[in-house]
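Q: Hey, can you walk me through this one? I'm new to reading structures.

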Amino acid sequence: MAAPGHDFVLEVGFQAAPGFTILFGASGAGKTTLLDCVAGLARSDSGCIAIGGRVLFDSQPGVNVPVAKRRVGYVFQDLALFPHLTVEQNVEYGLSHLPKKTRSERAATILQAFRIAHLARRSAREISGGESQRVALARTLVIDPAVLLLDEPLAALDAPTKAKIIDDLREWNRAHRIPILYVTHSREEVFALGERVIVLDAGRIVAEGTPHEVMTAPRQETVAQLAGFENIFDAIVEAVHPERGTMVCRLATTGHAEPVLLETPLVRAGVGSALRVGIRAGDILLAISPPQGLSARNLIPGRVVSLEQRDVIVSARVNCGEEMEVHLTLAARDSLQLAPGKEVWLVIKTHSCHLMQR
């Protein structure tokens, strides 16, 4: 499917099974545009969109099913509830073509499923943010859609509220088994929700698979950045050790007398190959004396450049030839008496070093 913007082209192709498919990527990657094409709010220049065997759009024969007939449920970040209506009236809004008794029965069932039956007579102005999210979902699902599109509808909620709503949505979908396309740029939501994740960048799919496959061992630098790898460096393969399942890579540091060598997992690359290596800041340990008797293979001397407290986490920048970011607790900072200028050792496990093609 291809859909143009003024300076942006969306060019993707995938199948979504019943259950959650996460659309993950930075702002501007094309996630919302993709949902709009499925819903019929934006028209593709070319391609085909189908739900099951029902074609919604096909550029070749000129098929383009109107929005109202697509049976697509769409919940936006801006919920757009009708404030002058009650919760029950909001949920029944899309059922106006049905008899009153049928409308009431279907609304009562979905309100019960999303634990808001007690709010039925209350005005939409009088309910909380989490309750509003539940009403928006109930209003969308009561029409029995063939696919559900969720564009960061839970972004403004706290984690416990979000988790409860997601649990209820999962329970609803066990009975209905429809594809749910869920847009987010939260790593936490990818792991909490996803059965499958598709990573978009500049309108194209750059990775797809299970959250573990895509986020834990990314193969592209773009995905590594989205997945939270704070440290990404150029590296050259110095040695390959197939018998140990490892290789040695030299970071392409500048202005440093001693090369920074990292033992990394073995990948298909020969000596002299140029790669990129990514390391999460939370996967690096700090020591204030040379460590002894550790299984970690990478012990690198450095000097603390800066310390920055971010809520309950401290971000330390350490110069070891390259500047690396390290995350540690307030207690670790205090017990190690860390301060700018202090000499430290970086401790990095082999499998915390993720290699990617340049």
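Q: Which strands pair with strand 5, and in what order do the three sit in the open sheet?
A: This is a predicted model, where local features need pLDDT of at least 70, side-chain atom pairs count only at pLDDT 80 or more, and totals for chains, interfaces and linings use all residues. Residues are numbered from 1 along each chain as its sequence is written, and side-chain values use heavy atoms, without hydrogens and water. The order is 4-5-6, with antiparallel pairing. Strands here are DSSP runs of E, at least two residues, and helices are runs of H or I, at least four, numbered from the N terminus. Strands pair if DSSP finds at least two bridges between them.

Q: Why is one side of strand 4 and of strand 6 left without a neighbour?
A: Strand 4 (48-51) and strand 6 (63-64) are at the edges and have a single partner strand each, so one side stays free in the sheet.

Q: And how many bridges join strand 5 to strand 6?
A: Two, and strand 5 covers residues 54-58. D58 sits opposite V63 in strand 6.

Q: New topic: what's in the hairpin of strand 10 and strand 11?
A: Two residues lie between the strands, and A202 has a positive phi near 50°. Strand 10 (residues 196-201) and strand 11 (residues 204-209) are antiparallel and share five bridges. L200 has I205 as its bridge partner in strand 11.
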